[in-house]
Amino acid sequence: MEHATFGAGCFWCVEAVFQNLKGVEKVVSGYAGGRIKNPTYREVCSGMTGHAEVIDITFDPAIISYEELLEIFFKTHDPTTLNRQGNDTGTQYRSVIYYNSEEQHQLAEQWKKTLNDKHAFPNPIVTEITAAPEFYPAEDYHQNYFNLHGHEPYCQFVAKPKVDKVKALFGEKLRSVAA
């Protein structure tokens, strides 16, 4: 098993995007990249910790590759907005790839360069790519959030369109129970 660590806005949405993919063993919402140990959600939301809301994905590279995860990452959020995803603003919502190996580092840089060279987005990609810092799991009530609270307005208006996009673009990569 390998790990991929991504930040792409609210971790509830990002978790929902990746957790039903074949080869993804586990997705944990949490915090990384900041100055304090064991931050709380309230502290991270203050914008004063430097932490980003991220997910840590445990995946089987024999079933789903890191490159496939990168493709899904880039196609399910706006990597061109600095410290913002939709109405969620602040450094905690930044687009970030925390690589866990030199191979992941090279692949992430290559994807970012290729997408920028092809003008895949109207503006340049601002996704931060840096070595994985310590990861701190979020509080239990943040885990599996979309599956437990999908009926709530935020989930319906923000997370569900991302989940639907994954189903439309990557349906063959979803576990049959999620399809």
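**Exercise 1. The rings of W12 and Y154**

At 13% relative accessibility, does W12 count as buried or exposed, and how do the rings of W12 and Y154 lie to each other?

*Solution.* The model is predicted, and the values that follow are computed from it. Start with W12, whose relative accessibility is 13%; since buried means under 20%, W12 counts as buried. Next take Y154, which has 25% relative accessibility and therefore counts as partly exposed. Then turn to the geometry of the two rings: the centres of W12 and Y154 are 5.6 Å apart and their planes stand at 80°, so the pair is edge-to-face. Finally, place the two residues in the fold: W12 belongs to helix α1 (residues 11-18) and Y154 to helix α6 (residues 153-170), so the pair ties together parts that are 142 residues apart in sequence.

**Exercise 2. The packing of α1 and α6**

Determine how the axes of α1 and α6 are arranged, and describe the residues that make the contact.

*Solution.* The first step concerns the axes, which come within 9 Å and cross at roughly 30°. Because angles under 35 degrees count as roughly parallel, α1 and α6 are roughly parallel to each other, and their crossing is right-handed. The second step lists the residues: α1 contributes W12, C13, A16 and V17, while α6 contributes Y154, V158, A159, K162, V163 and V166. Sorted by class, the contact of α1 with α6 has nine nonpolar residues, one charged residue and no polar ones. The third step looks at the covering of α1, where eight of its eight residues are buried, so that the helix is mostly covered; among these buried residues are E15 and F18.

**Exercise 3. The packing of α3 and α6**

Work out how α3 is oriented to α6, and which classes of residue their contact holds.

*Solution.* Begin again with the axes, which for α3 and α6 come within 11 Å and cross at roughly 130°. This angle makes α3 oblique to α6, and the crossing of α3 and α6 is right-handed. On the side of α3 the contact is made by E71, I72 and K75, and on the side of α6 by K165, V166, L169 and F170. By class, these residues of the contact of α3 with α6 are four nonpolar and three charged, with no polar residue.

**Exercise 4. An aromatic pair between β1 and α3**

How many aromatic pairs does the structure hold, and what is the geometry of the one formed by F6 and Y66?

*Solution.* The structure holds 10 aromatic pairs. In the pair formed by F6 and Y66 the distance is 6.1 Å centre to centre and the angle between the planes is 35°, and the pair is tilted. F6 lies in strand β1 (residues 2-8) and Y66 in helix α3 (residues 66-75), so the pair ties together parts that are 60 residues apart in sequence. As for accessibility, F6 and Y66 are both buried. To complete the picture, F6 and Y66 belong to one aromatic cluster, which also includes F18, F59, F73, F74 and W111.

**Exercise 5. The surroundings of T91**

Where is T91 found, and which residues does T91 touch?

*Solution.* T91 is found in the loop between β5 (88-89) and β6 (95-99). With a relative accessibility of 33%, T91 counts as partly exposed. Leaving aside residues up to four places away in sequence, T91 touches G47, H51, A52 and N83. A last step relates T91 to A159: these two residues are 68 residues apart in sequence, and 19 Å apart in space from C-alpha to C-alpha.

Definitions and conventions:
Residues are numbered from 1 along each chain as its sequence is written. This is a predicted model: local features need pLDDT of at least 70, side-chain atom pairs count only at pLDDT 80 or more; totals for chains, interfaces and linings use all residues. Side-chain values use heavy atoms; hydrogens and water are left out. Rings of Phe, Tyr and Trp (its six-membered ring) pair if their centres lie within 6.5 Å; planes under 30 degrees apart count as stacked, over 60 as edge-to-face and the rest as tilted. Helices (H or I, at least four residues) and strands (E, at least two) are DSSP runs, numbered from the N terminus. Buried means under 20% relative accessible area, exposed over 50%, partly exposed in between (1.4 Å probe, protein chains only). Axes are lines fitted to C-alpha atoms, for helices over the stretch in contact, and angles run from 0 to 180 degrees between N-to-C directions. Angles under 35 degrees count as roughly parallel, over 145 as roughly antiparallel, 65 to 115 as roughly perpendicular and the rest as oblique. A crossing is left-handed if the near helix is turned anticlockwise from the far one by less than a right angle, and right-handed if clockwise. Contact means heavy atoms within 4.5 Å. Ala, Val, Leu, Ile, Met, Phe, Trp, Tyr, Cys and Pro count as nonpolar, Asp, Glu, Lys and Arg as charged, and the others, Gly among them, as polar.
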